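Subject: Structure for you to look at

Dear colleague,

I am passing on the structure we discussed, and my notes on it follow below. Please read them with the model open beside you.

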Amino acid sequence: MAKNPQTERPNKHCWIGAKTGGGKSQLLRNELLPGRGVRALFWDIDTDHNCTRYTEKGAFLAALKSADASGKGYRIGWSGDDDPATFEWFCRAAWAVLNGNHETFIVCEEMADQGMGQRLPPYLRKLMVRGRKYGAVLITTTQRCQEVPKALITQAANRYVGLHEDQDARYLERAVGIKAADIEALEPLTFWHKGPEGTQKIRTKYRKFRP
Ligand SMILES: Nc1ncnc2c1ncn2[C@@H]1O[C@H](COP(=O)(O)OP(=O)(O)OP(=O)(O)O)[C@@H](O)[C@H]1O
Ligand SMILES: [Mg+2]
């Protein structure tokens, strides 16, 4: 159960959208996740992140429990079953370790695969809507922006919009307020970042990664 709420914590949730090869995983690894000491959980079906990955629920929960009790940082990932029930289980496990005295990053790649339509599953919703004061920083990504709940895009404090085809670019112009033509003009590894301080174009450098 999430504990120690700190109401002054800011909303730091992020949403990253770009078509395949747009640079979402690179952006996440290079720019959005702090290095040492971070408490981070990864829904990492494609093994794109530097973390200790589990494919068995008991082992994942045991590792998380012991990492949480240690008081130190951890990077624990799930790369087992990839279905909506397992995703909900993962979000529930993340909710259980939230502690407002620390930040906990929860990285969830390719949300369109969960077939959510426009409805946020209950524990993902909790992380998104109530997680902030318990230190949650929820980072979701998708290639297919029209197949994830719009709330994932609109309720994130930081939106990173990468390369998209025309229909998706027009959808994002309406949802985020960045011109479709400016979105279509992006190159891989470049993004429009719309955050609390306004909108700017950012570029991340490709870095080789071996999972
Ligand atoms: N050897 C390389 N040298 C330079 N740039 C590279 C190299 N390999 C890949 N890239 C760049 O990195 C991009 C892929 O980045 P990344 O894996 O973060 O994309 P992604 O948006 O996460 O894709 P997906 O949705 O398929 O996971 C490529 O499109 C390319 O621009
Ligand atoms: Mg990726």
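A polar side-chain atom of Lys24 lies 2.7 Å from an oxygen atom of ligand 1, a polar contact in the sense of a pair of N or O atoms within 3.5 Å (within protein, one must be able to donate a hydrogen and the other to accept it, and residues adjacent in sequence count only if both atoms are side-chain atoms). Please bear in mind that this is a predicted model, in which local features need pLDDT of at least 70 and side-chain atom pairs count only at pLDDT 80 or more, while totals for chains, interfaces and linings use all residues. Residues are numbered from 1 along each chain as its sequence is written, chains are lettered from A and ligands numbered from 1 in the order in which they are written, and side-chain values use heavy atoms, with hydrogens and water left out.

The backbone also reaches ligand 1: a polar backbone atom of Gly23 is 2.9 Å from one of the ligand's oxygen atoms, and a backbone N or O atom of Gly22 lies 3.3 Å from an oxygen atom of the ligand. The residues around ligand 1 include Lys19, Thr20, Gln143, Pro188, Leu189 and Tyr206, where a residue counts as near if one of its heavy atoms lies within 4 Å.

Next, helix H2 (residues 57-70), helices being DSSP runs of H or I with at least four residues and strands runs of E with at least two, numbered from the N terminus. Its 14 residues should span 20 Å at 1.5 Å a residue, which agrees with the 20 Å between its end C-alpha atoms; the expected span is 1.5 Å times one less than the number of residues. Within H2, Phe60, Ala63, Leu64 and Ala67 are buried, whereas Lys65 and Ala69, on the other side, are exposed (buried means under 20% relative accessible area, exposed over 50%, partly exposed in between, with a 1.4 Å probe and protein chains only). What covers the buried residues of H2 includes strand E2 (39-43), strand E4 (74-78) and helix H3 (84-97), contact meaning heavy atoms within 4.5 Å. At the N-terminal end of H2, Glu56 acts as a cap, with a side-chain oxygen 3.2 Å from the backbone nitrogen of Gly58.

Finally, a search of the whole structure finds 0 disulfides, a disulfide being a pair of cysteine sulfur atoms within 2.5 Å. The sulfur of Cys51 is 12 Å from the closest cysteine sulfur, in Cys108, which is too far for a bond.

Best wishes
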